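Hi everyone, thanks for making time this morning. I'd like to walk you through one structure, so please have a look at the screen.

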Amino acid sequence: FTMNQDDMPAGYNASSGNWEVRITDNDKRMISFADASLSVGEGGAVMTQLEITPAIAGNFSVPVIVTGNEAAYSLDVTAPASASYSNDMIHFIQSENAGLVTLRFEALEDSNGDDETINVTIDEDSLPGDYIIQQANKDLQFNIMDDDDRAVSFRFADGSNWGNGRISMFE
């Protein structure tokens, strides 16, 4: 930049030379899930978003901790096309400003008859220093509602077997 003597306050003199000014942005990026809890039936899928504000350009990854039965679900990133999910990291690979990633959670069919819960938590301890988590939305819970019937056996009071069957419970 250039200093002009005419713009200097009284008693100060402008001198020639090169000067460098460095400005450090100390704003932290907020990161959060759009939802706190979503429910889905077996074989179904739900979508949610992970948001980073302000949006940033370039490549970055968000570490997450996923707990629950791994055989019960599939988690993937559907948008933008350059983003992905692997090894408990949500990866953004793009040259444009990106602040939203769409996650697709699919509840897989099983035969165990139990409802299940899968938790996805932003790993605060592994985030770079320029991120902060919006505490209200750092955890995302997927509730899988099981649609399997329970198998039961019927027996008469005298001990003889009548057979096997299924009972379906409706609310």
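Let me start with a hairpin: strand E6 (residues 84–86) and strand E7 run antiparallel and are joined by 3 bridges. Strands here, like helices, are DSSP runs numbered from the N terminus, with at least two residues of type E for a strand and at least four of H or I for a helix. Two strands count as paired if DSSP finds at least two bridges between them. Within this hairpin, Ser 86 stands opposite Met 89 in E7. The hairpin has 2 residues between its strands, and Asn 87 takes a positive phi near 50°.

Before going further, a word on where this comes from. This is a predicted model, so local features need a pLDDT of at least 70 and side-chain atom pairs count only at 80 or more, while totals for chains, interfaces and linings use all residues. Residues are numbered from 1 along each chain as its sequence is written, and side-chain values use heavy atoms, with hydrogens and water left out.

How confident is the predictor, then? The average pLDDT of the chain is 78, and 77% of the residues score at least 70; pLDDT is the predictor's confidence in each residue, from 0 to 100. Among the elements, strand E2 (residues 37–41) has the highest mean, 92, and strand E13 (residues 161–167) the lowest, 57.

Staying with E6 for a moment, Ser 84 is found in that strand. Ser 84 counts as partly exposed because its relative accessibility is 28%; buried means under 20% relative accessible area, exposed over 50%, and partly exposed in between, with a 1.4 Å probe and protein chains only. Leaving aside residues up to four places away in sequence, Ser 84 touches Val 77, Met 89, Ile 90 and His 91, where contact means heavy atoms within 4.5 Å. Ser 84 and Ser 61 are 23 residues apart in sequence, and their C-alpha atoms are 9.4 Å apart in space.

Now the wider picture. The chain has 13 strands and 0 helices. Which strands make up the open sheet, and in what order? There are 6 of them, in the order E2-E11-E9-E4-E7-E6, and the pairing is mixed. E2 and E6 are the edge strands, each pairing on one side only.

Let's go across that sheet. E2 and E11 run parallel and are joined by 5 bridges, with Phe 142 in E11 as the bridge partner of Leu 38. E2 has a covered face, Leu 38 and Val 40, and an uncovered one made of Ser 37, Ser 39 and Gly 41. Next, E11 and strand E9 (residues 116–122) pair in the antiparallel sense over 6 bridges, and there Thr 117 stands opposite Asn 143 in E11. Further along, strand E4 (residues 60–67) and strand E7 (residues 89–92) are antiparallel over 4 bridges. Val 62 has Ile 90 in E7 as its bridge partner.

Those two residues come back in the interior. The largest nonpolar core has 33 residues, and Val 62, Ile 90 and Phe 105 have the most contacts inside it. Such a core is a set of buried Ala, Val, Leu, Ile, Met, Phe, Trp, Tyr and Cys residues joined through side-chain atoms within 4.5 Å. Beyond residues up to four places away in sequence, Val 62 touches residues including Ile 31, Leu 50, Ile 52, Phe 92, Ile 122 and Leu 127.

Phe 105 takes us to the aromatics. The structure holds 2 aromatic pairs. Tyr 73 and Phe 105 are stacked, at 5.7 Å centre to centre and 10° between the planes. For the cut-offs, rings of Phe, Tyr and Trp (its six-membered ring) pair if their centres lie within 6.5 Å, and planes under 30 degrees apart are stacked, over 60 edge-to-face, and the rest tilted. Tyr 73 lies in strand E5 (residues 73–79) and Phe 105 in strand E8 (residues 98–107), so this pair ties together parts 32 residues apart in sequence.

Phe 105 also stacks with Phe 142, at 3.7 Å centre to centre and 0° between the planes. That pair links E8 to strand E11 (residues 139–145), 37 residues apart. Phe 142 counts as buried because its relative accessibility is 1%. Together, Tyr 73, Phe 105 and Phe 142 form one aromatic cluster.

That's my tour, and I'm happy to take questions.
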